[in-house]
Amino acid sequence: MHMWYWFGIDLGSFLFPGYNVTTIGGLLATCFALMAMAIFYEGMKIIQVKLRLFTMSSLPERSIGNSENSSLLSRIYPNSFQPLSAAHCTSWSKWFLEVFHWSLHTLLGYLLMLSIMTYNGYISIALALGSCFGYWIFAPSLIELNFSQFQAKSRLINCTAHCAGELIVEKRRDSIVTTVEEELATVSQENVEVDIHNEEIG
């Protein structure tokens, strides 16, 4: 077993007993298969987020606990979003499907990790290219889905009267600051006009 990067064709038994890679054709087929697996691994991230959104759609709304010493953000996020468990899910099938997919995704990740641990240069290049192509294809959709997931979480927040009161106070404070800034700008503009007028008279 090599413990450094090497470029060779003869991989011997690769990952599984009986799968021997000793020819150029076998190496090429293995590299293309690993590229496809790396692309599929990136695509499975999208499926995982969709399954999570599907599971979250069955969660009931939870109200936010009030604490005098906690800030507004600490009221909204840590107390309102707890890890998903079977007890929180209205359907066992949704939760089981998400866990099963996560297991397959993790297993595929370990297989790709074991492949790159052969230190073969061709295998490493194939996996790097596959990961790049997968990210290029699926990253925009993944970002969109993560944003949808954030919106779905925010819809689960049932803001209490205390929380809503703080939000109203923040909005009022912002509007007061904006009004004062506008009045100061108006006064300074009037002072400039008066100074210009006095200079013209003088």
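Which side chains meet in a salt bridge at 3.2 Å, N to O? In this predicted model, the pair is lysine 45 and glutamate 42. Both residues belong to helix 1, which spans residues 24-56, and they sit 3 residues apart, about one turn of the helix. The two partners differ in burial class: lysine 45 is partly exposed, at a relative accessible area of 27%, whereas glutamate 42 is counted as buried, at 11%.

In total, 2 salt bridges were found when the whole structure was searched. The other joins the side chains of arginine 52 and glutamate 98, with an N to O distance of 3.6 Å. Arginine 52 is located in helix 1 and glutamate 98 in helix 3 (residues 92-116), so this pair ties together parts of the chain that are 46 residues apart in sequence. Arginine 52 is partly exposed, with 25% relative accessible area. Glutamate 98 has a value of 6% and is buried, the cut-off for burial being under 20%.

Nonpolar side chains were examined next. In soluble globular proteins, such side chains tend to be buried together. The largest nonpolar core of the model holds 13 residues, and the members that touch the most others are Leu11, Phe14, Leu27, Leu34, Ile123 and Leu127. Helix 1 and helix 4 are the elements that contribute two or more residues to this core. Helix 1 provides the largest share, with 5 residues. Leucine 127 is in contact with Leu34, Ala38, Leu112, Ser115 and Ile116, when residues up to four places away in sequence are not counted. A second core, separate from the one above, consists of 5 residues, among them Val49, Leu53, Leu142 and Leu145.

Serine 124 is placed in helix 4, which covers residues 121-155. With a relative accessibility of 12%, serine 124 counts as buried. Leaving aside residues up to four places away in sequence, serine 124 touches Tyr5 and Ile116. Ile116 also appears among the contacts of leucine 127.

Empty space was considered last. Rolling a probe the size of a water molecule over the atoms shows where such space is left. The largest pocket has a volume of about 150 Å³. Its lining is formed by His2, Trp6, Asp10, Leu11, Ser13, Phe14, Leu15, Leu114 and Thr118. By residue class, this lining comprises 5 nonpolar, 3 polar and 1 charged. Leu11 and Phe14 line this pocket and are also members of the largest nonpolar core.

Key. Residues are numbered from 1 along each chain as its sequence is written. This is a predicted model: local features need pLDDT of at least 70, side-chain atom pairs count only at pLDDT 80 or more; totals for chains, interfaces and linings use all residues. Side-chain values use heavy atoms; hydrogens and water are left out. A salt bridge is a side-chain nitrogen of Lys or Arg within 4 Å of a carboxyl oxygen of Asp or Glu. Helices (H or I, at least four residues) and strands (E, at least two) are DSSP runs, numbered from the N terminus. Buried means under 20% relative accessible area, exposed over 50%, partly exposed in between (1.4 Å probe, protein chains only). Contact means heavy atoms within 4.5 Å. On a 1 Å grid over the protein atoms alone, a cavity is a set of points where a 1.4 Å probe fits but cannot get out, and a pocket is an open set with protein on both sides within 12 Å along at least five of seven lines; lining residues have an atom within 4 Å of a point. Grid points are joined across faces, edges and corners, and a volume is the space filled by probe spheres set on the points. Ala, Val, Leu, Ile, Met, Phe, Trp, Tyr, Cys and Pro count as nonpolar, Asp, Glu, Lys and Arg as charged, and the others, Gly among them, as polar. A nonpolar core is a set of buried Ala, Val, Leu, Ile, Met, Phe, Trp, Tyr and Cys residues joined through side-chain atoms within 4.5 Å.
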